[in-house]
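Pull up the model and give it a slow turn before reading on. We'll go from the whole chain down to a handful of individual residues.

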Amino acid sequence: MYDVEVELLVDEIDDYMKKAETALKNAFAGIRTGKASPSMLDGVMVDYYGAQTRVRDIANITAPEPRLLVIQPWDAHAVSAIEKAILTSDLGITPMSDGRLLRLPIPELSQERRQTLARQAKSTCEDAKVSLRNIRREGNETAKKAEKDGKLTEDELKKMLDDIQKLTDSYIANFDAILATKEKELMTV
C-alpha cells in the first residue's frame with residue numbers, strides 16, 4: 001500500500017512505473033547484440049576482496065573496436081577475479097588476459113543465439129509488465145481503501161481507477177515498443 005496523499009496517488013504510481021521502465025531499459029542494455037558495448041558488463045559482479053563489486057567500479061571498460069571490449073582494472077590483482085566473473089556469467093564470451101588487462105572479443109552471434117537472446121528479452125519484458133501490474137494493483141487497493149475511509153467519493157474513485165488503468169496501459173505500450181526495438185536490434189545481422 002502506498003503511504004501518500006490521495007490526490008498524489010496517481011503521480012506516485014507514475015513514479016514507480018517510470019522506475020520499472022528504467023529497470024527494463026537497464027536490463028536490456030545488458031543483453032548483448034553483435035556489437036561491443038561497455039554496458040554488456042553491467043550485470044557482471046566480481047568477488048573483489050570478499051565483496052561483490054561491479055566490473056565498472058573496479059576497472060576502466062572501453063570499446064576500441066566494434067567487436068572488442070578492453071577491461072583495464074585499476075588494481076592488477078583484480079584481473080583474475082574479473083576473468084573468472086566473466087567466464088561464469090551468461091555472456092558467453094571468453095576473455096583473453098595478458099596479466100594487466102582483459103580483451104573480450106565479441107563473436108558474431110549465430111541465428112540460434114540471436115533467437116535465445118530475443119526470448120530472454122521477451123521474458124525480461126514480461127517480468128517488467130508483471131511489476132507494472134503489481135504497482136497498479138497496489139494503487140487500486142490504496143484508492144479503494146481511501147474511498148472506504150471517506151477520503152474519496154465513489155465518482156472520484158472511479159475516475160482514479162480509470163486514470164491508473166490508462167497509465168498502466170500507456171506503460172505496457174511503451175514496454176512493448178522497447179521490446180520490439182531490442183528484438184529488431186538482436187535479429188539484425
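What follows is a walk through the overall fold, the long fourth helix, the pocket and then four residues worth a visit.

First, a caveat: this is a predicted model. In terms of secondary structure, the protein comes to five helices and six strands. Trace the chain from the start and you'll read α-β-β-α-β-β-α-β-β-α-α.

How does the overall spread stack up against a compact globule? For 189 residues, a compact globule would have a radius of gyration near 16 Å, but this protein has 22 Å. The extents of the C-alpha trace along the principal axes are about 70 × 40 × 25 Å. As for burial, 37% of the 189 residues count as buried. Long-range contacts still do a good share of the work: of the contacts with a separation of 6 or more, 63% are between residues 24 or more positions apart.

Now find α4, which runs over residues 111–148. Is its length what you'd expect of a helix? Rather than guess, do the sum: at 1.5 Å a residue, its 38 residues should span 56 Å, and the end C-alpha atoms sit 55 Å apart, so the two agree. Just after α4 comes Gly150, with a positive phi of about 85°. One residue to pick out within α4 is Asn140. Asn140 is buried, because its relative accessible area of 17% falls under the 20% cut-off. Leaving out residues up to four places away in sequence, Asn140 touches Leu161 and Ile164.

On to the pocket. The largest pocket has a volume of about 340 Å³. Its lining is made up of 20 residues, and those nearest the centre are Gly30, Met40, Gly43, Val44 and Asp90. Which helix gives the most to this lining? That's α4, with three residues. Helices α1 (9–29) and α3 (79–88) also each supply at least two. Chemically the lining is a mix, with eight nonpolar residues, six polar and six charged.

Next, look at Ile31, in the loop between α1 and β1. Ile31 is buried, with a relative accessible area of 5%. What does Ile31 touch beyond its neighbours within four places in sequence? Its contacts are Leu117, Gln120, Ala121, Thr124, Lys182 and Leu186. Take Lys182: it is 151 residues from Ile31 in sequence, yet their C-alpha atoms are 9.0 Å apart in space.

Over in strand β3 (residues 59–65) you'll find Ile61. With a relative accessible area of 15%, Ile61 is buried too. Setting aside residues up to four places away in sequence, Ile61 touches Pro38, Leu41, Val55, Arg56, Leu69, Val70 and Ile71. Ile61 and Pro73 are 12 residues apart in sequence, with 8.5 Å between their C-alpha atoms.

Last stop: Tyr49, in the loop between β1 (45–48) and β2 (51–54). Is Tyr49 buried or exposed? It is exposed, with a relative accessible area of 62%. Its backbone deserves a look as well. Most residues other than glycine have a negative phi. Tyr49 is not a glycine, but its phi is positive, at about 50°.

Terms used. Residues numbered from 1 in each chain as written. Predicted model: local features only at pLDDT ≥ 70, side-chain atom pairs only at ≥ 80, totals over all residues. Heavy atoms only, no water. 1 Å grid on protein atoms, 1.4 Å probe; cavity = no way out; pocket = protein on both sides within 12 Å on 5 of 7 lines; lining within 4 Å. Points joined across faces, edges and corners; volume = space filled by probe spheres on them. Helix = DSSP H or I, 4+ residues; strand = E, 2+ residues; numbered from the N terminus. Nonpolar A, V, L, I, M, F, W, Y, C, P; charged D, E, K, R; others polar. Expected span 1.5 Å × (residues − 1). Rg over C-alpha atoms; globule rule 2.2 N^0.38 Å. Buried < 20%, exposed > 50% of the residue type's maximum accessible area, 1.4 Å probe, protein only. Contact = heavy atoms within 4.5 Å.
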